[in-house]
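Please report on the fold and the ligand site of this model. Start with one pair of strands, then widen the view to the sheet, the helices and the ligand.

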Amino acid sequence: MDTPVALVTGANSGIGKATAEGLLQEDYHVVLWCRSQESAARTEDEVRRSTGSDATDTIAADLTDFDAIRDAAQIVKDRYDRLDVLVNNAGVLKETTDRNEEGVEETFAVNYLAPFLLSHLLLPLLTRTADAHGEARIVNVGSDAHRGALRFDADVMSEGDAGLTAYMQSKLALVLFTNELARRLKPTGVTVNCVHPGVVATNIWRGPGVFSWLARRVKWFFNSPETGAEGPLYLATSDDVKDVTGAYFDETSRTKPAVAAFDEKAAAELWHRSMDLVDLDPEDTLYEPPDM
Ligand SMILES: NC(=O)c1ccc[n+]([C@@H]2O[C@H](COP(=O)([O-])OP(=O)(O)OC[C@H]3O[C@@H](n4cnc5c(N)ncnc54)[C@H](OP(=O)(O)O)[C@@H]3O)[C@@H](O)[C@H]2O)c1
């Protein structure tokens, strides 16, 4: 395939949808990952109409379901011989505590463990693309809310409740993962960065909790999804950041994440706990992890 391929999770709504549209306008072939077939078909219709491009494909899988993620990733690997950009965008601010099959609180499952698992499953395709075409990029859509978590506590993934604390911890986990994966991928030509998209008027604020209620009252002041997509699109496509990896961006500006994001001990513990929780074998990955 000559056209570069991008995959965007949470492509039916908000920042993910605007990112998918932006990538189509930049002439990428875009795989729209949505929770259900219905949502994927509707989204494909909408983005084809809004962009005038039909270079789309769809994948449906619930990101709390690790088996479904495995099956969907296999479909991507069977269909494509390249993956230039993976945008781990889907996210949730849950107000009720639900746990998936593996006993993981679902905020963590969607915001952190799904990107962890999906990135690993697609690494063979990403590294092959980097070998053949000189680069491949993973963009993790994080949040400045990670600054609210003073230190990462791996126990909260399976023992904690949902809500703002879980959201902050899950986004800190995503920054720790970005740093650790970047370190491990250094020899491969695959870059991985994390971006806070700004404060954006999207469905993430649809929950019943007080914080979401307050956000809905003032969301007229928030950025549009198109503005929110500027950071993810910059990291996915700009030559300025071609060789940048393990960095944190506030929209399109590189900045430092919270001090807790540099805790290498927490990152290593998180890595091993995550491998267990998603049942990944380090042998399954193409890269050679350096000695811990
Ligand atoms: N909006 C902000 O101010 C803001 C600020 C900082 C960071 N972010 C981050 O930006 C990212 C995008 O969020 P958004 O603001 O654009 O909110 P959004 O409009 O609610 O989009 C979230 C996307 O994630 C998908 N998703 C959630 N749970 C899923 C699951 N179990 N399986 C599959 N897909 C699932 C949603 O699908 P459904 O529509 O089917 O639920 C939706 O497509 C998130 O990572 C969020 O944390 C947002």
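This is a predicted model. Begin at one residue pair. C34 has A60 of β3 as its bridge partner. The strands involved are β2, residues 29–34, and β3, residues 56–60. They pair in the parallel sense, over five bridges. Helix α2, residues 37–51, joins them in a β-α-β unit. That unit, made of β2, α2 and β3, is right-handed.

A second parallel pair involves β4 and β5. Here L86 stands opposite I138 of β5. The table sets the two pairs side by side.

| Strands | Residues | Sense | Bridges |
|---|---|---|---|
| β2 and β3 | 29–34 and 56–60 | parallel | five |
| β4 and β5 | 85–88 and 136–141 | parallel | four |

Now the whole sheet. Which order do the eight strands take? They run β3-β2-β1-β4-β5-β6-β7-β8 in an open sheet. The pairing across this sheet is mixed. Its edge strands are β3 and β8, and each of these pairs on one side only. β8 covers residues 253–255. From one strand to the next, the twist averages 25°. As a general point, side chains in a regular strand alternate between the two faces of the sheet.

Next come the helices. At what angle do the axes of α4 and α6 cross? The crossing is at roughly 15°, and the axes come within 7 Å. Helix α4 spans residues 106–133, and helix α6 spans residues 164–185. Angles under 35 degrees count as roughly parallel, so α4 and α6 are roughly parallel to each other. The crossing of α4 past α6 is right-handed.

Helices α1 and α9 form another packed pair. Their axes lie 9 Å apart, at an angle of about 40°. Helix α9 is residues 230–237. The two helices are therefore oblique to each other. α1 also passes α9 in a right-handed crossing.

Helix α1 leads on to the ligand. Which helix gives the most to the shell around the ligand? It is α1, residues 14–25, with three residues. In total, 25 residues surround the ligand. G10, G14, A90, G91 and T202 come nearest. By class, the shell holds ten nonpolar, 13 polar and two charged residues.

To recap, an open sheet of eight strands has β3 and β8 at its edges. Helix α1 packs with α9 and also contributes three residues to the ligand shell.

Note on methods. Residues are numbered from 1 along each chain as its sequence is written. This is a predicted model: local features need pLDDT of at least 70, side-chain atom pairs count only at pLDDT 80 or more; totals for chains, interfaces and linings use all residues. A residue is near a molecule or strand if its C-beta atom, placed from the backbone, lies within 6 Å of it. Ala, Val, Leu, Ile, Met, Phe, Trp, Tyr, Cys and Pro count as nonpolar, Asp, Glu, Lys and Arg as charged, and the others, Gly among them, as polar. Two strands pair if DSSP finds at least two bridges between them. A crossover is right-handed if, with the strands pointing away from the viewer, the path from the first strand over the helix to the second runs clockwise. Axes are lines fitted to C-alpha atoms, for helices over the stretch in contact, and angles run from 0 to 180 degrees between N-to-C directions. Angles under 35 degrees count as roughly parallel, over 145 as roughly antiparallel, 65 to 115 as roughly perpendicular and the rest as oblique. A crossing is left-handed if the near helix is turned anticlockwise from the far one by less than a right angle, and right-handed if clockwise.
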